[in-house]
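Trainee: I am new to this model and would like a close look at a single part of it. Please choose one spot, describe it carefully, and then work outwards from there.

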Amino acid sequence: MAGHSKWANIKRQKARVDAVRGKVFAKMSREIIVAARQGGDPAGNFQLRTAIDKAKAAGVPNDNIDRAIAKGSGNLSADNSFEAIRYEGYGPGGVAILIEALTDNRNRTAADLRAAFSKSNGNLGETGCVGWMFEQKGVVTIIHPGDEETLLEAAMEAGAETYELTTVLGRRDEEIPAAELFCAPADLETFDTSLKAQGLTVQQAELRWLPSNTLVVDDPDQARLLVKLMDALEDLDDVQSVTANFDMAEELMDAIAA
């Protein structure tokens, strides 16, 4: 999980300082719209609550969140034909990549993904080609987790399978100590509720795909192509999340970023 979390943390940092923050807001709003179809009251709709928490963690303004809820619940005129689709493919060096999208045009999304893959020596595959290499987990992100022993006790009481210490970016782009706690997907709502009841500060709860094994990338040329591909995929409007089964040394990642 370390490699994925490292990459996920870099993505969060990139999203916060990215000049095209509006694109991030649009993706979060789309997720809220889809969740609000099941009911516009967050108290009775866990999917909507988690989408709102995720949006707030990314700095989405409350007005944007409220408009998205209204659109999803039918209180505002909007194109509400988005559907969730999972795509799979291979990056340079055979790295497995899993993509979750919300789209109103499957043909457009597939064409955009295929073009992004081909420009980085990868290819969009058939459904199931790499999905077996990933496992879905519920993930709750805690900020300011405090003493690790206390965190472990709370995690065990809530039913965590494992946890990992990390950092997230605050509203002023400062690093904040955090922890990610993992559980079975079906247990996410009760897991989230239990952690909050124990006084922990939950930043967000989500379902996430995690690789069952990782490929170490140490070739600089392959690494550059891979990072270029990940960035290109995440920049697509229809793409909500991208997960890959690679890991690379922080020094190499820093060198590419520079």
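**One loop and its surroundings**

Mentor: Let us begin with His144, which lies in the loop between S4 and H6; the helices (H or I, at least four residues) and strands (E, at least two) named here are DSSP runs, numbered from the N terminus. This is a predicted model, in which local features need pLDDT of at least 70 and side-chain atom pairs count only at pLDDT 80 or more, while totals for chains, interfaces and linings use all residues. Residues are numbered from 1 along each chain as its sequence is written, and side-chain values use heavy atoms, with hydrogens and water left out.

His144 is not a glycine, yet its phi is positive, at about 50 degrees. His144 counts as exposed because its relative accessibility is 53%, where exposed means over 50% relative accessible area, buried under 20%, and partly exposed in between, with a 1.4 Å probe and protein chains only.

On one side of this loop is S4, whose residues 134-143 pair with strand S6 (residues 175-183) in the antiparallel sense over six bridges; two strands count as paired if DSSP finds at least two bridges between them. Strands of a sheet pair through backbone hydrogen bonds, either parallel or antiparallel. Within this pair, Val139 stands opposite Phe182 in S6. Both strands belong to an open sheet of four strands, with the order S5-S6-S4-S7 and antiparallel pairing. The edges are formed by strand S5 (162-169) and strand S7 (201-211), each of which pairs on one side only. From one strand to the next, the twist averages 30 degrees.

On the other side of the loop is helix H6 (residues 148-158), which lies across S5 and S6 and runs at about 120 degrees to S5. Axes here are lines fitted to C-alpha atoms, for helices over the stretch in contact, and angles run from 0 to 180 degrees between N-to-C directions.

A second residue can be set beside His144. Asn121 has a positive phi of about 60 degrees although it is not a glycine, and its place is the loop between H5 and strand S3 (123-124). With a relative accessibility of 57%, Asn121 counts as exposed.

That loop leads back to helix H5 (residues 106-118), which packs with helix H8 (residues 220-235) at an angle of about 165 degrees, their axes being 9 Å apart. H5 and H8 are therefore roughly antiparallel to each other, since angles over 145 degrees count as roughly antiparallel, under 35 as roughly parallel, 65 to 115 as roughly perpendicular and the rest as oblique. H5 passes H8 in a right-handed crossing; a crossing is right-handed if the near helix is turned clockwise from the far one by less than a right angle, and left-handed if anticlockwise. Where they meet, Leu113, Ala116 and Phe117 in H5 face Leu229, Ala232 and Leu233 in H8 through contacts, a contact being heavy atoms within 4.5 Å.

Arg108 also has its place in helix H5 and is partly exposed, because its relative accessible area is 33%. Leaving aside neighbours within four places in sequence, Arg108 is in contact with Thr103 and Asp238. Arg108 and Asp238 are 130 residues apart along the chain, and their C-alpha atoms are separated by 9.2 Å.

Another helix pair can be read in the same manner. The axes of helix H3 (residues 46-57) and helix H4 (residues 62-72) come within 10 Å and cross at roughly 155 degrees; H3 and H4 are therefore roughly antiparallel to each other, and their crossing is right-handed. Leu48, Ile52, Ala55 and Lys56 in H3 meet Asn62, Ile65 and Ile69 in H4. Among the buried residues of H4 are Ile65 and Ile69, together with Ala68, Ala70 and Gly72. Just after H4, Gly74 takes a positive phi of about 85 degrees.

Two cysteines can be added to this picture: Cys129 is buried, with a relative accessible area of 17%, and Cys183 is buried at 1%. The structure holds zero disulfides, a disulfide being a pair of cysteine sulfur atoms within 2.5 Å.

Finally, for the protein as a whole, the secondary structure comes to nine helices and ten strands, and buried residues make up 48% of its 258 residues. Among contacts between residues at least 6 apart in sequence, 70% join residues at least 24 apart.
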